[in-house]
Amino acid sequence: MIRFMVSVLVFFIDTLYRDRPYQRFYVLETVARVPYFSFLSVLHLYETLGWWRKADWLKVHFAETWNELHHLLIMESLGGDKQWIDRFIAQHTALAYYWVVVVLYGTSPRSAYYLMELIEGHAYHTYDTFVKENAAQLKEQPAPQVAINYYRNGDLYLFDEFQTCTIPESRRPTIDNLYDVFVNIRDDEGEHVKTMVACQNPDAQKTFKSPHTQDSVAQKIVLPPASEQEVQAAEQEADLVTMG
Ligand SMILES: [Fe+2]
Ligand SMILES: [Fe+2]
């Protein structure tokens, strides 16, 4: 059933957008990030009802949406969203998909993670084929500013946070041209696959941790208690703010 759902979506997008890669990637990125919104919505519901609380899952899934958002921004900067029909198809498909995955995640989280594993795997192969077939052209084109900001110049905490099978700060992309951008988008999709596999682990409910949580635990980072002077300085600052 899950495989059928994915193959329908993939067939639909691949057939409709055979010769328009940036529009195809725009639609793919708009639709394929929606399940992470569904996961977050259901997890927030569980928290609100007091059924289940695990901050690490929220952190990782939010970091995944943040990564996919930047893929989408890159596609938009390349003109993938210029025509209203592409925006119409992408946004309406995404809306329907959101609710399908909310129901699926609420009834069978592991099936929902398997669905995402397949979608991310498809995204990986789509980008892999694209970079191999268009390497020379892509190397001659500049990287969009949004990609440079995200992969190279920005705060990379959330970039590390969605890669649960990679040590934080070990992956720092080089972004010199459009080829580098697509290689890193492809590699991101590969990291999402690994994270989705980790989420399906039978012990995941107890053992799944965000990369920075693992890092903190492994290094046993314990902040020293605040000194007397630091406490006094903080109190004085608070007084100033109140008076101001
Ligand atoms: Fe993506
Ligand atoms: Fe993805």
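From the N terminus on, the elements of the chain run α-α-α-α-α-α-α-α-α-α-α-α-α. That is 13 helices and zero strands, in a model that is predicted. Of the 244 residues in the chain, 32% are buried. Among the contacts with a separation of 6 or more, 84% join residues 24 or more positions apart.

The interior comes next. The largest nonpolar core has 44 residues. Two or more residues come to this core from each of α2 (21-32), α3 (34-49), α4, α5, α6, α8 and α10. The residues with the most contacts inside the core are Val27, Leu28, Val31, Ala112, Ala147 and Val181. Leaving aside residues up to four places away in sequence, valine 181 touches Ile74, Ala143, Pro144, Ala147 and Ile175.

Ala147 leads to helix α8, which spans residues 145-153 and has Ala147, Tyr150 and Tyr151 as its buried residues. Seen down the axis of α8, these buried residues fall within an arc of 80 degrees, so they line one face of the helix. The spacing of such positions follows a general rule: an α-helix has 3.6 residues a turn, so residues three or four places apart point the same way. On the other side of α8, Gln145 and Asn153 are exposed. The cover over the buried residues of α8 includes α4 (55-77) and α10 (178-199).

A pair of helices further up the chain can be described in another way. Two packed helices are described by the angle between their axes and the distance between the axes. For helix α5 (residues 84-107) and helix α6 (residues 109-133), the axes come within 5 Å and cross at roughly 135 degrees. That angle makes α5 oblique to α6. In this contact, Val101, Leu104 and Tyr105 of α5 meet Pro109, Ser111, Ala112 and Leu115 of α6. By type, the residues of the contact of α5 with α6 are six nonpolar, one polar and no charged. Ala112 also appears among the core residues with the most contacts.

Three single residues show how surroundings vary along the chain. Glutamate 29 lies in helix α2. Is glutamate 29 buried or exposed? Glutamate 29 has 24 other C-beta atoms within 10 Å, and a residue counts as buried if that number is 20 or more, so glutamate 29 is buried. Not counting residues up to four places away in sequence, glutamate 29 touches Glu68, His71, Leu72 and Met75. Glutamate 29 and alanine 123 are 94 residues apart along the chain, and their C-alpha atoms are separated by 8.8 Å.

Leucine 45, in helix α3, is partly exposed, with 13 other C-beta atoms within 10 Å. The C-alpha atoms of leucine 45 and glycine 106 are separated by 9.9 Å, while the two residues are 61 residues apart along the chain.

The last of the three is glutamate 169, in the loop between α9 (157-161) and α10. Glutamate 169 is exposed, because 12 other C-beta atoms lie within 10 Å and 12 or fewer counts as exposed. The backbone deserves a look here. Most residues other than glycine have a negative phi. Glutamate 169 has a positive phi of about 75 degrees, although it is not a glycine.

Conventions:
Residues are numbered from 1 along each chain as its sequence is written. Chains are lettered from A and ligands numbered from 1 in the order in which they are written. This is a predicted model: local features need pLDDT of at least 70, side-chain atom pairs count only at pLDDT 80 or more; totals for chains, interfaces and linings use all residues. Axes are lines fitted to C-alpha atoms, for helices over the stretch in contact, and angles run from 0 to 180 degrees between N-to-C directions. Helices (H or I, at least four residues) and strands (E, at least two) are DSSP runs, numbered from the N terminus. Angles under 35 degrees count as roughly parallel, over 145 as roughly antiparallel, 65 to 115 as roughly perpendicular and the rest as oblique. Two residues are in contact if their C-beta atoms, placed from the backbone, lie within 7 Å. Ala, Val, Leu, Ile, Met, Phe, Trp, Tyr, Cys and Pro count as nonpolar, Asp, Glu, Lys and Arg as charged, and the others, Gly among them, as polar. The arc is that of the directions from the helix axis to the C-beta atoms. A nonpolar core is a set of buried Ala, Val, Leu, Ile, Met, Phe, Trp, Tyr and Cys residues joined through C-beta atoms within 7 Å.
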